[in-house]
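Colleague: I should be grateful for a close look at one part of this model, namely its salt bridges and the parts of the chain that they join. Please set them in the context of the whole chain, in terms that a first-year student can follow.

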Amino acid sequence: MAFTMGFNFLLLLAMAATNLLSLYHLSSTFQSPKPSPPVPIHIPQHLLRHLNDIRATINHLTASTSDSKRTSPVPHDLILHSQVAPIASSCHRHPYLLRRYMNYTPFSTCPYDLDLQETLILNGCHPLPRRRCFSKTPPKPTSSLPLNPFPTALPDSSVIWTKYSCKSFACLLQNNPIDFDLNARRSSLLKYASELDLPVNRFMQLAKSANSVIRLGIDIGGGTGTFAALMKIFYNVTMLTTTLNVNAPYSEAVAARGLVPLHVPLQQRLPVFDGTMDLVRCGRAVNRWIPLPVMEFMFYDVDRVLKGGGYLWLDRFFSKAMDLEEVYEPMIRKLGYKKVKWAVANKTDPSGLKNGEVYLTAVLQKPVSR
């Protein structure tokens, strides 16, 4: 308290001294018709020291951030980019990471900092600033890609494996079969074993019976793009797949299948124009672990991109049973969509039993007009 009062007194004293000097200068200007030589003003040394201390304190408070590592100079290209294009506000919360990302040699090869990029994106720094450098590419790109999006094997040469523990798709197939066993994933999207399942052909029948045309869509959190692949080969529907390379090359896997990956996080505005999509499907990535404000904004962004009469498909969304009833269902109800399918069942794995979780599979149709 004493320090604060003393600091405030010094600041007041400095302001008073500055104002007195300004008044003196103005009064001498108005009284003297001719310019007079400057009169030396004696300022006590102890006041100069206090003024310097105040200036240093203000500069420190202005320059300080929550990141204690922000000590390096600002990279030139970061300053240049900020003058020609906006930088996402969340990027400024992580200045040390942002400076690392933009600290490179222009017009040369970009640093291979995929893990740094993913960290920034997952923390809301998206889109990332552009860089004036050449991205690394696989040293031996494949000469041809399979026409069938369900090949016997994806080409290892389409990936730079440096940052991953697995060094091949065969390794990923063994260690992460849920995402990288393409045929097993295909079967799961075509079968009907419980009310939670909605085979792709059944969904298309529902849409056809409602005179709805399905040509374009987005699969949010679509992994390696198997849903998009099925819609392409069976129904000639173009699906964009949002995915992130968290511990595995998901984007490269989607692209190797002749599909379009969108490298965007869940909190990012979908990069398509209003009212252009017939279908938005939310897979396993959309669940109760997403903060409520992020999920609510996401639902309304889905509404923005859907055409009138378009469909929102929640595939095995999971949450606590009480939360589904008291939080998520009211949130979804606010959209005013028609319930085409609404199925709830217990989540029977160890986590589901421990936390009282349930699955929800729902198909909701946007009103044709508001």
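**Salt bridges within the chain**

Modeller: Among the contacts in the chain with a separation of 6 or more, 69% are accounted for by residues 24 or more positions apart. The model is a predicted one. Its chain has 14 helices and seven strands. Of its 370 residues, 41% count as buried. The chain exposes about 21700 Å², and 59% of this area is supplied by carbon and sulfur atoms.

Let us now turn to the charged pairs. Side chains of opposite charge can pair when their charged atoms come close. The structure holds 19 salt bridges, and some of them are described below.

One of these salt bridges is formed by the side chains of Asp-179 and Arg-284, with a distance of 2.6 Å from N to O. Asp-179 belongs to helix α7, which covers residues 177-180, whereas Arg-284 is in the loop between β4 (277-282) and α12 (292-305); the pair therefore ties together parts that are 105 residues apart in sequence. The two partners may also be described by their accessibility. Asp-179 has a relative accessible area of 9% and is therefore buried, since buried means under 20%. Arg-284, with a relative accessible area of 44%, is partly exposed.

A second pair involves strand β4 itself. The side chains of Asp-315 and Arg-281 meet in a salt bridge, at 2.7 Å from N to O. Asp-315 lies in strand β5 (residues 306-320) and Arg-281 in strand β4, so this salt bridge ties together parts that are 34 residues apart in sequence. Are these two residues buried or exposed? Asp-315 is buried, with a relative accessible area of 13%. Arg-281 is buried as well, with a value of 3%.

A further salt bridge joins Arg-269 and Asp-274, whose closest N and O atoms are 4.0 Å apart. Asp-274 has a relative accessibility of 38% and counts as partly exposed. This pair also belongs to a network of salt bridges, in which Arg-269, Asp-274, Asp-301 and Arg-304 are linked.

For context, two parts of the chain outside these pairs deserve a brief description. The first is a nonpolar patch on the surface, formed by Leu-190, Ile-233, Phe-234 and Tyr-235, which together have about 320 Å² of accessible area. Helix α10 (residues 226-235) contributes the largest share of this patch, namely three residues. Tyr-235 lies in helix α10, and its relative accessible area of 31% makes Tyr-235 partly exposed.

The other part is strand β3 (residues 260-262), where Pro-261 is found. Pro-261 is partly exposed, with a relative accessible area of 28%. Which residues are in contact with Pro-261, leaving aside its neighbours within four places in sequence? They are Thr-241, Thr-243, Ser-251, Val-254 and Ala-255. The C-alpha atom of Pro-261 is separated by 9.4 Å from that of Met-239, and these two residues are 22 residues apart along the chain.

To return to the request, the pair of Asp-179 and Arg-284 ties together parts 105 residues apart in sequence, and the pair of Asp-315 and Arg-281 ties together parts 34 residues apart.

Key
Residues are numbered from 1 along each chain as its sequence is written. This is a predicted model: local features need pLDDT of at least 70, side-chain atom pairs count only at pLDDT 80 or more; totals for chains, interfaces and linings use all residues. Side-chain values use heavy atoms; hydrogens and water are left out. Helices (H or I, at least four residues) and strands (E, at least two) are DSSP runs, numbered from the N terminus. Buried means under 20% relative accessible area, exposed over 50%, partly exposed in between (1.4 Å probe, protein chains only). Contact means heavy atoms within 4.5 Å. Patches are made of residues with over 30% relative accessible area and no salt bridge: like charges are joined within 9 Å, nonpolar side chains (Val, Leu, Ile, Met, Phe, Trp, Tyr) within 5 Å. Accessible areas come from the Shrake-Rupley method with a 1.4 Å probe; for residues, only the protein chains shown count as cover.
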